[in-house]
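Good morning, and thank you for making time for this item. I would ask you to look at the sequence and the structure together while I speak.

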Amino acid sequence: MASERRQYTISELASSIELSPSTIRYYEEKGLISPSRTPGNQRVYTAKDRARLKLILRGKRFGCSLEEIAEIIGLATTEVNEVGQIEKSLAYAELKIEEVKDRKRELDLMEKDIRAMKDALELRLQELKR
């Protein structure tokens with residue numbers, strides 16, 4: 001339970017997850033995290049904020065937009081229903097899998113076109129050298 005009560009300054013949090021403080025402030029501006037404030041108005045982040053940032057980074061790594069990530073994990077000020085969150089995550093995962101399959105097909109076609117062009121150029125070069 002002590003780790004759940006752990007609090008971070010923005011620089012500690014940024015360092016722990018290898019993000020810039022400005023990126024963390026940007027995610028706060030977008031409503032994805034919502035740190036509390038000290039009486040001196042300094043941001044104070046919790047383990048929950050850190051976990052949300054890790055989910056944001058995972059979503060970005062999988063190619064999700066911030067809007068998609070917000071839909072999956074919810075805004076920081078809303079209570080998240082885990083079943084709904086999982087269902088949305090699964091739906092986005094299926095979409096991303098289809099996008100990857102489409103990209104792979106496009107890349108395969110591009111590779112075939114480039115190889116055909118290369119073969120034609122090599123053949124033409126041989127003809128010119130004769």
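I shall go through the sheet, the nonpolar core, the largest pocket, the salt bridges and two backbone angles.

Please keep in mind throughout that this is a predicted model.

Let me begin with the sheet. Three strands form an open sheet in the order E1-E3-E2, with antiparallel pairing. E1 and E2 are the edge strands, each with a single partner, so one side of each has no neighbour in the sheet. In general terms, the strands of a sheet pair through backbone hydrogen bonds, in either the parallel or the antiparallel sense.

Taking the two pairings in turn, E1, residues 7–8, runs antiparallel to E3, residues 43–46, and 2 bridges join them. Here tyrosine 8 is found opposite tyrosine 45 of E3. On the other side, E2, residues 36–37, is also antiparallel to E3, again over 2 bridges. Serine 36 has valine 44 in E3 as its bridge partner, and arginine 37 is matched with arginine 43 of E3. Please remember arginine 37, as I shall return to it under the salt bridges.

I turn now to the interior. The largest nonpolar core comprises 20 residues, and those with the most contacts inside it are Leu13, Ile24, Tyr27, Ile33, Tyr45, Leu53 and Ile56. Two or more residues of this core come from each of helix H1 (10–17), helix H2 (21–29), H3 and H4. The greatest contribution is that of H4, with 5 residues. Tyr45 therefore appears twice in this account: it is among the core residues with the most contacts, and it is the residue of E3 that stands opposite tyrosine 8.

Next comes the largest pocket. How much space lies in the largest pocket? The value is about 280 Å³. The pocket is lined by 13 residues, of which Arg58, Gly59, Phe62, Ile72 and Ser89 are the closest to its centre. Helix H3 (47–61), helix H4 (66–73) and helix H5 (82–129) each provide at least two lining residues. H5 has the largest share of the lining, with 5 residues. Sorted by class, the lining consists of 8 nonpolar, 3 polar and 2 charged residues. H3 and H4 thus take part in the lining of the pocket and also give residues to the nonpolar core.

I now come to the salt bridges. Side chains of opposite charge can pair when their charged atoms come close. The structure contains 10 salt bridges, and I shall describe some of them.

The pair I promised to revisit is glutamate 28 with arginine 37, where the closest N and O atoms are 3.4 Å apart. Is glutamate 28 buried or exposed? At 18% relative accessibility, glutamate 28 is buried, whereas arginine 37, at 38%, is partly exposed.

Two further pairs lie within H5. Arginine 105 and aspartate 102 form a salt bridge with an N to O distance of 2.2 Å. These two residues are 3 apart in helix H5, about one turn of the helix. Arginine 105 is partly exposed at 47% relative accessibility, and aspartate 102 is likewise partly exposed at 37%. Arginine 115 and glutamate 111 form another salt bridge, at 3.0 Å from N to O. Their spacing in H5 is 4 residues, which is about one helical turn. Arginine 115 counts as exposed at 51% relative accessibility, while glutamate 111 is partly exposed at 37%.

There is also a network of salt bridges, which links Glu68, Lys96, Glu99 and Arg103.

Finally, I would draw your attention to the backbone. Most residues other than glycine have a negative phi. Which residue in the loop between H1 and H2 should we consider here? Glutamate 18 lies in that loop, and its phi is positive, near 55 degrees. Glutamate 18 is exposed, with a relative accessible area of 75%.

The second case takes us back to the sheet. Asparagine 41 has a positive phi of about 70 degrees, although it is not a glycine. Asparagine 41 belongs to the hairpin of E2 and E3, which has 5 residues between the strands. With a relative accessible area of 52%, asparagine 41 is exposed.

That concludes my presentation, and I am glad to take questions.

Technical notes. Residues are numbered from 1 along each chain as its sequence is written. This is a predicted model: local features need pLDDT of at least 70, side-chain atom pairs count only at pLDDT 80 or more; totals for chains, interfaces and linings use all residues. Side-chain values use heavy atoms; hydrogens and water are left out. On a 1 Å grid over the protein atoms alone, a cavity is a set of points where a 1.4 Å probe fits but cannot get out, and a pocket is an open set with protein on both sides within 12 Å along at least five of seven lines; lining residues have an atom within 4 Å of a point. Grid points are joined across faces, edges and corners, and a volume is the space filled by probe spheres set on the points. Ala, Val, Leu, Ile, Met, Phe, Trp, Tyr, Cys and Pro count as nonpolar, Asp, Glu, Lys and Arg as charged, and the others, Gly among them, as polar. A salt bridge is a side-chain nitrogen of Lys or Arg within 4 Å of a carboxyl oxygen of Asp or Glu. Buried means under 20% relative accessible area, exposed over 50%, partly exposed in between (1.4 Å probe, protein chains only). Two strands pair if DSSP finds at least two bridges between them. A nonpolar core is a set of buried Ala, Val, Leu, Ile, Met, Phe, Trp, Tyr and Cys residues joined through side-chain atoms within 4.5 Å.
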